[in-house]
Amino acid sequence: MSLDWNIDSSWSLFLDRDGVINERPINDYVLEWEKFHFRPNVLSSFSSLCAKFSHVFVVTNQQCVALNKISVSDLENIHSQMQKVISDNGGFITKVFAATELKNKFSKMRKPNTMMAQMAKKEFPSVDFKKSIMVGDTDSDIIFGKKLGMKTVLILTSEKTSIKPDISLNSLSDLSALL
Ligand SMILES: [Mg+2]
C-alpha cells in the first residue's frame, strides 16, 4: 500500500501524544518522565518520518494540569525530555502544544477544537492545513484533523472509535514507509 497524497517538504505533521508517541496509560496520566514509555518502533522511525516534513507538532490534551495532578512546568519538563530523546534519535519536534484545561463544554483549547493548530499556524505562518497530516488514536484527533481539512491517520489501539479516518495504521512507525 502507498498513499497518493503527494507529500513534499512543505507539508506539516501534527501528532497526538498519548497512544501515538508513547503508551497511553489506561484511565491515567503520564505524570513523570519515568512513566513516559515510547511505543514500539516509534523512536527509531522519527528520523525518516521527520525528514519528510518542514514542521512536526505535538498537539495533546492534558487535563491532568487542571486536575492539579501535575504542574505546567513539570509537564513541560516531560516534553523537553521527550524532544531531547527524539532529537538524539535523529528526529525533531518543532513545538509541543498542550491543552491543559478541564474537559467540559467551555474548553477552547482541547481537541476536537482546533485552537492548538491555529496557534501553530500563527507562530509558523507557512503551515498549510491542506498540506498537513493529523495522526491520533481517538475520535477527537480525527475530528480535529477533518475540521482543518488535514489528512487523517488513526493509530489503532484499544480505544473504541467511530469516526472514519483517511487511513488506519497499527503504529506511527508504519506511516513513514507509506509517504
Ligand atoms: Mg491519544
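Colour the chain by secondary structure and read from the N terminus: the pattern is β-α-β-α-β-α-β-α-β-β-α. That gives five helices and six strands, where helices (H or I, at least four residues) and strands (E, at least two) are DSSP runs numbered from the N terminus. The model is predicted, so to speak of local features a pLDDT of at least 70 is needed, side-chain atom pairs count only at pLDDT 80 or more, and totals for chains, interfaces and linings use all residues. Residues are numbered from 1 along each chain as its sequence is written, and side-chain values use heavy atoms, with hydrogens and water left out.

**Whole chain**

Select the C-alpha atoms. Along the principal axes they fill a box of roughly 45 × 35 × 35 Å. The radius of gyration is 15 Å, which agrees with the value near 16 Å for a compact globule of 179 residues; the radius is taken over C-alpha atoms, and the globule rule is 2.2 Å times the number of residues to the power 0.38. Of the 179 residues, 47% are buried. Buried means under 20% relative accessible area, exposed over 50%, and partly exposed in between, with a 1.4 Å probe and protein chains only.

**Magnesium site**

Next, select the magnesium ion. Its coordination comes from Asp 16 (OD), Asp 18 (O) and Asp 137 (OD), at 2.1 to 2.2 Å. Donors are N, O and S atoms within 2.8 Å of the metal (3.2 Å for Na, K and Ca); water is not among the atoms, so sites may look incomplete. Along the chain the donors have the spacing D-x1-D-x118-D. Asp 16 sits in the loop between β1 (12-15) and α1 (42-50), and Asp 137 in the loop between β4 (132-136) and α4 (139-147); this pair links distant parts of the chain, 121 residues apart. Asp 16 and Asp 137 are both buried.

**Largest pocket**

Now show the largest pocket, which holds about 610 Å³ of space. A pocket is an open set of points on a 1 Å grid over the protein atoms alone, where a 1.4 Å probe fits, with protein on both sides within 12 Å along at least five of seven lines; lining residues have an atom within 4 Å of a point. Points are joined across faces, edges and corners, and the volume is the space filled by probe spheres set on them.

Select the 24 lining residues; Arg 24, Asn 61, Lys 103, Arg 110 and Thr 138 lie nearest the centre. The elements giving two or more residues to this lining are β2 (55-61) and α4. The largest share, three residues, comes from α4.

**Cysteines**

Select Cys 50 and Cys 64. Cys 50 counts as buried because its relative accessibility is 2%, and Cys 64 is buried at 0%. The structure has zero disulfides, a disulfide being a pair of cysteine sulfur atoms within 2.5 Å.

**Backbone exceptions**

Most residues other than glycine have a negative phi, and most peptide bonds are trans. Go to the bond from Lys 111 to Pro 112: it is cis, with omega near 15 degrees. Pro 112 lies in the loop between β3 (95-99) and α3 (115-123).

Then select Asn 6, in the segment before β1. Its phi is positive, about 50 degrees, and Asn 6 is exposed at 66% relative accessible area. Finish at Asn 27, in the loop between β1 and α1. Phi of Asn 27 is also positive, near 50 degrees, and with a relative accessible area of 80% Asn 27 is exposed.
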